[in-house]
Amino acid sequence: MANQDGAVQFVSGNERLTRILSDPGRRQQADAIIAEMDQMDRRYRDAAQVLDGAAAAAAAAAGTPAVAEVLRALQRHLTAAGIRDIGITLTFSDHEMTLPLERIIAADH
């Protein structure tokens, strides 16, 4: 930042953040963004728990090695076909959460 005589003066990130958040309008915007991020984190965590439970149920029925191998085979074939970012998408109300297949496979261990 430049002061009155035009000289550049260093302002720390913390100081800049304090200044920004002291403005009530900006503070309200920041709080809304933080609340939305927290809600997205909760939904992702809930989706991961539901999917982990479903994977555990499948593993109990078919055996963990069989489920993991099916998922790995699926991943290999899709990757070989040029598909990237393979995952399972769960829809909760109006939000979708996609969990990477690697995370699902790793949960089997």
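These legends describe close-up views of salt bridges in a predicted model. A search of the whole structure finds four salt bridges. Among them are the three pairs shown here: Glu-15 with Arg-19, Asp-52 with Arg-103, and Glu-69 with Arg-76.

**View A. Glu-15 and Arg-19 pair within helix H1.** The two side chains form a salt bridge, with the closest N and O atoms 3.1 Å apart. Helix H1 covers residues 13-21. The partners sit four residues apart, about one turn of the helix. Glu-15 has 38% relative accessibility, so Glu-15 counts as partly exposed. Arg-19 is also partly exposed, at 40%.

**View B. Asp-52 and Arg-103 meet in a salt bridge.** The N to O distance is 2.9 Å. This pair links distant parts of the chain, with the two positions 51 residues apart in numbering. Asp-52 belongs to helix H2 (residues 24-62), and Arg-103 to helix H4 (residues 101-107). Asp-52 has a relative accessible area of 29%, which means partly exposed. For Arg-103 the value is 30%, again partly exposed.

**View C. Glu-69 forms a salt bridge with Arg-76.** Their closest N and O atoms lie 2.9 Å apart. Are the partners buried or exposed? Glu-69 is partly exposed, at 38% relative accessibility. Arg-76 reaches 48% and is likewise partly exposed. Exposed would need over 50%, so Arg-76 stays in the partly exposed class.

Note on methods
Residues are numbered from 1 along each chain as its sequence is written. This is a predicted model: local features need pLDDT of at least 70, side-chain atom pairs count only at pLDDT 80 or more; totals for chains, interfaces and linings use all residues. Side-chain values use heavy atoms; hydrogens and water are left out. Buried means under 20% relative accessible area, exposed over 50%, partly exposed in between (1.4 Å probe, protein chains only).
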